[in-house]
Amino acid sequence: MDETRKFFYYQLRDDILSTRLPASPEQIEILAGYAVSAKFGPFDRDNHGPGYLDGQRYLPRDMLDHGTVNEKSWEERVSHWHKIFSDKPHYECIEGYLENAENLDRYGISYYTVSSSDKIFYLGVNTNGLNLFHLNDRVNPMYRGEFPWSDIKVPV
């Protein structure tokens, strides 16, 4: 597998696990299934029984700490996806992770902290334009500005 792609996978996985790239619990569950399959290989009932994901970082910490689903249930859900992806080789699991992550709503957005008088916001910049987000919500923009970046003429 291409080393650059592998390092991109690691960075993207870290961004999702640290919530720098937000995703829904359902999306994270599937991504976690790909990540676990890439790490552990094919699912094996003897080696992958209850507790095999203990100590593994496969979900954002706040989903485990503040979510409505307990850690045991998350392990069962992610194990389900591990079983489904069990026939895929390591590189296909990483490819599946990358392809699914590209479909996240906030994929490809760079966030910058900006302030206006006494308020602090995130400015999201991507290929479609600029978005303004509340500091505690990088998923739903409070302002969306669409700029035709492709129509900008750069002097040569």
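Helices here are DSSP runs of H or I with at least four residues, and strands are runs of E with at least two, numbered from the N terminus.

**Figure 1. The order of helices and strands along the chain.** Welcome to a predicted model, whose chain holds 5 helices and 4 strands. Following the sequence, we read the pattern α-α-α-α-α-β-β-β-β. Along the principal axes, the C-alpha atoms fill a box of roughly 60 × 40 × 20 Å.

**Figure 2. Burial and contacts in the chain.** The chain has 156 residues, and 35% of them count as buried. Among contacts with a separation of 6 or more, 51% are between residues 24 or more positions apart.

**Figure 3. The exposed surface and its charges.** About 10000 Å² of the chain is exposed, with carbon and sulfur atoms supplying 50% of that area. Have a look at the charged side chains too: 17 are positive and 24 are negative. The centres of these two sets lie 2 Å apart.

**Figure 4. Strands β1 and β2, an antiparallel pair.** Here we zoom in on β1, residues 110–116, and β2, residues 119–126. The two strands run antiparallel and are joined by 7 bridges. To find your way across the pair, start at serine 115, which stands opposite isoleucine 120 in β2.

**Figure 5. The turn of the β1 and β2 hairpin.** Between the strands of this hairpin there are 2 residues. Keep an eye on serine 117 in the hairpin, which takes a positive phi near 50 degrees.

How values were computed:
Residues numbered from 1 in each chain as written. Predicted model: local features only at pLDDT ≥ 70, side-chain atom pairs only at ≥ 80, totals over all residues. Heavy atoms only, no water. Buried < 20%, exposed > 50% of the residue type's maximum accessible area, 1.4 Å probe, protein only. Contact = heavy atoms within 4.5 Å. Areas by Shrake-Rupley, 256 points an atom, 1.4 Å probe, with all protein chains shown as cover. Lys, Arg positive; Asp, Glu negative; His and termini not counted. Charge placed at Lys NZ, Arg CZ, Asp CG, Glu CD. Pairing = 2+ DSSP bridges.
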